[in-house]
Amino acid sequence: MTDQKKPDQATTSEKPWGGRFSEPTDAFVERFTASVGFDQRLYHHDITGSIAHATMLAEVGVLTVEERDSIIDGLNGVKADIEAGRFDWSVSLEDVHMNIEAQLTNRIGITGKKLHTGRSRNDQVATDIRLYLRDEIDVIAEELRRLQLGLLDLAAREADTIMPGFTHLQTAQPVTFGHHLLAWYEMLVRDAERLQDCRKRVNVMPLGAAALAGTTYPIDRAMTARLLGFDRPSENSLDSVSDRDFAIEFCSFAALLMTHMSRFSEELVLWASAQFDFIDLPDRFCTGSSIMPQKKNPDVPELVRGKTGRVTGHLMSLLMLMKSQPLAYNKDNQEDKEPLFDTVDTIKGCLKAYADMVPAIRAKADNMRVAAKRGFSTATDLADYLVKKGMPFRDAHEVVGKAVAFGVAEERDLSDMTIDELKRFSDTINDDVFDVLTLEGSVQARDHLGGTAPAQVRAAVARARTSLG
């Protein structure tokens with residue numbers, strides 16, 4: 001009797017590298033080392049890269065035109081099968097690349113085995129990931145832009161809505177809700193710039209580096225780069241197959257984006273609470289309680305806040321993955337995909353949720369105004385008033401501090417005191433002081449670039465819309 005092959009255990013002859021080995025791969029090792037369970041999402045980019053590679057090989061005379069056309073037709077057929085759900089992914093073939101190549105050979109025969117001429121899975125996977133990430137960056141950039149536009153629309157709508165500005169989560173000075181939203185917008189501007197800067201380094205083609213040292217075939221890497229839309233081929237074959245800086249840089253962008261969105265989320269959760277009651281989130285982005293019928297939970301902001309740790313963790317994972325690797329390619333690099341893929345999926349979901357939700361946020365202007373009157377938010381305006389009258393700032397600071405202490409004892413805001421009461425703290429104070437003690441007067445007074453005045457908010461929104469195009 002001959003030995004039976006264990007389930008999912010390939011013979012050495014079934015492996016693309018099997019000639020060197022005298023026994024089949026252990027069944028557990030087969031599963032442990034396979035990546036096809038998660039890298040099959042690269043199928044489109046793998047086939048795109050292979051079509052460009054075959055086109056170039058025919059151009060330089062390594063393949064005939066007939067072989068090129070057969071390969072391209074076969075690859076398009078494989079792609080159609082995958083997209084129709086007719087493709088059986090095999091763990092024994094390890095990854096997306098070998099699954100597609102094996103199916104291609106089944107379709108067109110020995111010509112399919114010629115596709116891999118002049119390349120390695122090392123430069124192939126590096127190319128696939130860059131093609132994948134470049135496409136995802138473009139999708140993410142559009143979702144980011146959609147969120148930015150939603151913020152601008154809401155900021156324009158709430159340019160006159162006064163709310164308390166906070167430091168240390170204590171009432172500091174009056175601002176407008178529109179001005180606060182534009183602070184979020186500025187964070188996203190920097191995120192968008194970082195994303196586009198990252199894209200430049202993603203868009204470099206490693207194909208042609210082969211395993212690590214290039215190839216002896218007369219390939220035309222510049223042609224392949226043009227066919228695939230890369231800015232240029234990479235310069236060094238060793239670095240080309242082992243570089244994952246672009247993935248780390250993308251995850252760094254993503255971690256900072258999520259940090260910003262977590263800060264947005266924290267404020268939305270606070271503002272939607274009964275204790276603040278500044279905003280109302282649309283019902284379709286909230287859930288209720290299984291036991292408390294009155295509850296309206298801000299689940300979307302809470303989840304975004306929670307997912308931030310997940311994305312930051314992926315960044316740390318990739319940094320640790322690369323920190324001790326010698327040149328060139330190592331199997332460690334198979335571990336780059338799951339953190340990268342999950343980062344892409346997570347930030348796309350978070351951006352979509354926020355881009356849909358933000359325009360539907362309703363500000364409770366009356367509640368915001370009442371809150372802005374608490375905490376002596378115009379105290380700094382009173383100090384500035386005294387300075388403009390000629391008093392040194394430190395003296396003005398002391399005068400206003402005493403007035404605030406009186407207000408705390410009397411449970412009255414500065415704007416609610418009489419002129420005689422205010423004069424007890426300084427004879428410099430006159431009737432015109434009430435122009436600066438009002439909330440409207442405070443925000444209007446900051447009428448400069450970057451200031452809180454409603455006119456400045458509207459001007460900032462207009463500039464931002466022009467910049468976004």
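# Helix H6 and its surroundings

Helix H6 passes helix H7 in a left-handed crossing, and this pair is a convenient place to enter the structure, which is a predicted model. The axes of H6 and H7 come within 10 Å and cross at roughly 165°. Because angles over 145 degrees count as roughly antiparallel, that angle makes H6 roughly antiparallel to H7. Sorted by class, the residues of the contact of H6 with H7 divide into 20 nonpolar, 3 polar and 6 charged.

Two packed helices are described by the angle between their axes and the distance between the axes. The same description can be applied to another partner of H6, helix H12. Helix H6, which covers residues 121-157, packs with helix H12, residues 337-357, at an angle of about 15°, and their axes are 9 Å apart. That makes H6 roughly parallel to H12, since angles under 35 degrees count as roughly parallel. The crossing of H6 and H12 is left-handed.

The contact itself can be followed residue by residue. On the H6 side, the residues that meet H12 include Val-125, Ile-129, Tyr-132, Leu-133 and Glu-136, and also Val-139, Ile-140, Glu-143, Leu-144, Arg-146 and Leu-147. The residues of H12 that they meet include Lys-337, Leu-340, Phe-341, Val-344 and Ile-347, together with Lys-348, Leu-351, Lys-352, Tyr-354, Ala-355 and Asp-356. By class, the residues of this contact of H6 with H12 are 15 nonpolar and 7 charged, with no polar ones.

A third partner of H6 is helix H19, residues 454-468, and the axes of H6 and H19 come within 10 Å and cross at roughly 155°. H6 and H19 are therefore roughly antiparallel to each other, and H6 passes H19 in a left-handed crossing. In H6, Arg-145, Gln-148, Leu-149, Leu-152, Asp-153, Ala-155 and Ala-156 take part in this contact, where they meet Val-457, Val-461, Ala-464, Arg-465 and Leu-468 of H19. The contact of H6 with H19 has 8 nonpolar, 1 polar and 3 charged residues.

From these helix pairs the reader can turn to individual residues, beginning with one inside H7. His-180 lies in helix H7 and is buried, because its relative accessible area of 16% is under the 20% limit for that class. Leaving aside residues up to four places away in sequence, His-180 touches Met-163, Glu-267 and Trp-271.

Asn-203 lies in the loop between helix H7, residues 177-202, and strand E3, residues 204-205. With a relative accessible area of 2%, Asn-203 is buried. Apart from residues up to four places away in sequence, Asn-203 touches Arg-134, Gly-229, Phe-230, Asp-231 and Arg-232. The side chain of Asn-203 also makes a polar contact with the side chain of Arg-134, at 2.7 Å. As for its separation from a residue of H12, Asn-203 and Phe-341 are 138 residues apart in sequence and 18 Å apart in space, C-alpha to C-alpha.

Further along the chain, Leu-212 is found in the loop between E3 and helix H8, residues 221-228. At 39% relative accessibility, Leu-212 counts as partly exposed. Its contacts, not counting residues up to four places away in sequence, are with Ser-237, Leu-238, Val-241 and Ala-328. Leu-212 and Phe-166 are 46 residues apart in sequence, while in space they are 55 Å apart, C-alpha to C-alpha.

Ala-328, which Leu-212 touches, has its place in the loop between helix H11, residues 299-322, and H12. The peptide bond from Leu-327 to Ala-328 is cis, with omega near 5°.

Two further loop residues deserve a look for their backbone angles. Glu-94 lies in the loop between helix H4, residues 65-83, and helix H5, residues 96-108, and has a positive phi of about 75° although it is not a glycine. Glu-94 is buried, with a relative accessible area of 10%. His-168 has its place in the loop between strand E1, residues 162-167, and strand E2, residues 170-176, and the phi of His-168 is near 60°, a positive value in a residue other than glycine. His-168 is exposed, because its relative accessible area of 75% is over the 50% limit for that class.

Note on methods:
Residues are numbered from 1 along each chain as its sequence is written. This is a predicted model: local features need pLDDT of at least 70, side-chain atom pairs count only at pLDDT 80 or more; totals for chains, interfaces and linings use all residues. Side-chain values use heavy atoms; hydrogens and water are left out. Axes are lines fitted to C-alpha atoms, for helices over the stretch in contact, and angles run from 0 to 180 degrees between N-to-C directions. Helices (H or I, at least four residues) and strands (E, at least two) are DSSP runs, numbered from the N terminus. Angles under 35 degrees count as roughly parallel, over 145 as roughly antiparallel, 65 to 115 as roughly perpendicular and the rest as oblique. A crossing is left-handed if the near helix is turned anticlockwise from the far one by less than a right angle, and right-handed if clockwise. Contact means heavy atoms within 4.5 Å. Ala, Val, Leu, Ile, Met, Phe, Trp, Tyr, Cys and Pro count as nonpolar, Asp, Glu, Lys and Arg as charged, and the others, Gly among them, as polar. Buried means under 20% relative accessible area, exposed over 50%, partly exposed in between (1.4 Å probe, protein chains only). A polar contact is a pair of N or O atoms within 3.5 Å; within protein, one must be able to donate a hydrogen and the other to accept it, and residues adjacent in sequence count only if both atoms are side-chain atoms.
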